[in-house]
Amino acid sequence: MKNRNSTLRNQNMKKHFLISIALFAFLNVFSQSEKEKVVSTVTKEKIEGHIYFLADDLLKGRQTGTPENKIAASYIANTLRGYGVKPVVQNAMKGSNTESYFQEMKLNQISPIKRLLLVIDGKEFKKKVAVKPNKMEFTGEAIYLGYGLESDYKGKNVSEKIVIVRSGAPKVTEVREAFALIEEKEQLAQRHGAVAVIELVDANETTWGYVDHNFNSDRIEIAANKASEDGKKRVAYLWIHDENNIQAKAFESKENLSAKLMMEGEEKKTIISQNVIGMVEGTDPQLKNEFIIYSAHYDHVGIGKADETGDEIYNGARDNAVGTTTVLSMAENIAKYPTKRSALFILFTAEEKGLLGSQYYVENPLLPLNKMVYCFNSDNAGYNDTSIITVIGLPRTTAAANIKEAATAFGLRAIDDPAPDQDFFDRSDNVVFARKGIPAPTFSLGFTSFDGDVTKYYHQPGDEADTLDYEYLLKFFKSYVFAGRLIANDPKTPTWTANDKYESASKTLYGN
Ligand SMILES: [Zn+2]
């Protein structure tokens with residue numbers, strides 16, 4: 001009996017032992033399988049397929065509003081369809097039904113004005129741009145008003161006059177910051193009855209070159225809804241180059257100035273472009289109410305100045321066929337293996353025109369923004385280190401650990417922005433979501449500095465599909481997809497790290 005009992009006990013123990021072995025193996029398989037799921041859908045051939053198509057000369061650089069931009073959108077939409085990703089808006093009215101993946105938007109294409117003459121105090125100013133043109137033939141008075149801020153208007157009559165101001169504000173000397181003050185200065189001038197603002201901009205030659213190029217080539221902006229444009233008397237706004245404030249100082253001592261301003265109105269043409277959007281619902285009954293946005297822009301800068309080889313097509317393989325491919329890779333993977341949280345895939349248009357597609361989206365979201373807990377954006381200039389992934393804003397969200405883990409799993413290392421002076425965080429679509437409060441870093445090809453092999457291809461005709469290292473890209477895309485899965489399955493909702501600049505916007509959005 002005793003013996004028998006002990007045998008039974010032994011058998012029981014064996015059974016327990018086997019069960020725990022099986023359980024351990026099962027858990028092990030489960031934890032491995034997340035990575036296995038990534039490996040099973042992301043392949044070199046698929047990546048090459050996307051990038052070679054999107055960066056083909058046939059697509060002529062995917063310029064916003066062109067038929068080729070639309071071809072790229074159609075490719076993306078129908079690729080999402082093929083994966084089983086669902087459109088968010090059903091639009092059965094349109095023939096092919098591909099449109100249901102599209103968020104169409106009206107944009108204004110504005111040509112630079114052809115005639116602009118400015119004479120103040122008998123002196124003609126040549127280095128100038130019309131930031132806000134307005135048709136006028138003005139001969140009359142001008143008045144110098146310091147920075148043109150609220151206090152500068154005290155006791156001054158500017159009605160029907162031109163207001164001359166210097167750029168920036170006390171302690172604000174950067175041209176970019178000065179540009180941000182335009183709205184405020186314009187409104188002040190308008191409220192006080194002025195006809196135009198002439199701003200003397202303290203910028204070096206290089207910076208002025210950018211300003212001049214920007215306003216003397218075609219621009220694109222989101223077409224304002226008509227109501228906001230009606231019934232308002234517009235104020236023209238000009239920028240004059242005035243390095244070291246030499247002209248501003250000369251005007252300071254003068255009381256009244258004579259002025260002549262002749263300007264044509266701007267030529268506007270309406271163009272249509274589209275964001276491409278799809279979704280996959282999450283599997284967890286609770287977490288599926290939270291969405292992770294996977295985003296990238298698919299437009300590029302089109303046809304432009306030829307390089308020394310005579311190539312004039314700016315293919316944008318890195319910028320941003322690569323980013324588009326990160327999102328498509330994620331979409332294919334999640335459609336096959338849905339995550340706990342829901343997924344929203346957005347491919348933006350018009351990023352190169354000033355983040356217009358993403359701006360349009362946050363102003364017209366298809367799903368409530370406060371359900372979007374994270375925006376995992378990808379935008380790319382180029383790379384000069386194939387052992388890393390550069391994540392702009394890596395330490396700024398609590399998902400940093402997930403992203404680092406994913407990169408390490410595929411033999412790469414995730415690093416933060418190495419060139420903060422370039423302001424990358426504020427130069428891609430992620431910032432539009434960040435300003436709304438949504439944690440939003442940008443996942444980019446590895447670079448340790450913005451020069452060499454990065455600038456060689458950045459916004460150049462040579463940014464072609466056959467100049468990429470696809471062994472590196474394979475690891476890069478797998479890392480993105482794995483990171484996305486880890487974030488989307490993490491029981492903890494990702495947030496900004498404490499005291500981030502966008503934390504308060506986040507509190508407003510999510511109400512906590
Ligand atoms: Zn770009």
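How many of the 8 residues of helix 10 (residues 356-363) are buried? The count is 6, and the helix is mostly covered. This comes from a predicted model.

**Overall build**

The chain holds 15 helices and 17 strands. Its C-alpha trace spans about 120 × 50 × 50 Å along the principal axes. Of its 512 residues, 50% count as buried. Take the contacts with a separation of 6 or more: residues 24 or more positions apart account for 83% of them. The chain exposes about 24,000 Å². Carbon and sulfur atoms supply 52% of that area. There are 63 positive and 68 negative charges, and their mean positions lie 8 Å apart.

**Helix 10**

The buried residues here are L356, G357, S358, Y360, Y361 and V362. They pack against four strands and a helix, named here in chain order: strand 1 (102-111), strand 8 (219-222), strand 11 (267-280), strand 13 (342-348) and helix 12 (430-436).

L356 lies in this helix. Its relative accessible area is 10%, under the 20% cut-off, so L356 counts as buried. Which residues does L356 touch, not counting those up to four places away in sequence? They are M105, L107, I220, E221, I222, T349, A350 and E351. M105 is 251 residues from L356 along the chain, yet 9.7 Å separates their C-alpha atoms.

**The zinc site**

Which residues coordinate the zinc ion? D319 gives an OD atom, E352 gives two OE atoms, and H459 gives NE2. The distances run from 1.9 to 2.5 Å. Angles among the 4 donor atoms range from 56 to 151 degrees, and the site is irregular. A tetrahedral site would need all angles between 85 and 135 degrees, so this range rules that label out.

Along the chain the donors follow the spacing D-x32-E-x106-H. D319 and H459 link distant parts of the chain, 140 residues apart. D319 sits in helix 9 (residues 317-336). H459 sits in the loop between helix 13 (453-457) and helix 14 (470-489).

Burial of three residues discussed above:

| Residue | Relative accessible area | Class |
|---|---|---|
| D319 | 3% | buried |
| L356 | 10% | buried |
| H459 | 22% | partly exposed |

Why is H459 classed as partly exposed? Its relative accessible area is 22%, and buried means under 20%, so H459 falls outside the buried class. D319, at 3%, counts as buried.

Note on methods
Residues numbered from 1 in each chain as written. Predicted model: local features only at pLDDT ≥ 70, side-chain atom pairs only at ≥ 80, totals over all residues. Heavy atoms only, no water. Donors = N, O, S within 2.8 Å, 3.2 Å for Na, K, Ca; no water. Tetrahedral: all angles 85-135°; square planar, octahedral: opposite > 155°, others 65-115°. Helix = DSSP H or I, 4+ residues; strand = E, 2+ residues; numbered from the N terminus. Buried < 20%, exposed > 50% of the residue type's maximum accessible area, 1.4 Å probe, protein only. Contact = heavy atoms within 4.5 Å. Areas by Shrake-Rupley, 256 points an atom, 1.4 Å probe, with all protein chains shown as cover. Lys, Arg positive; Asp, Glu negative; His and termini not counted. Charge placed at Lys NZ, Arg CZ, Asp CG, Glu CD.
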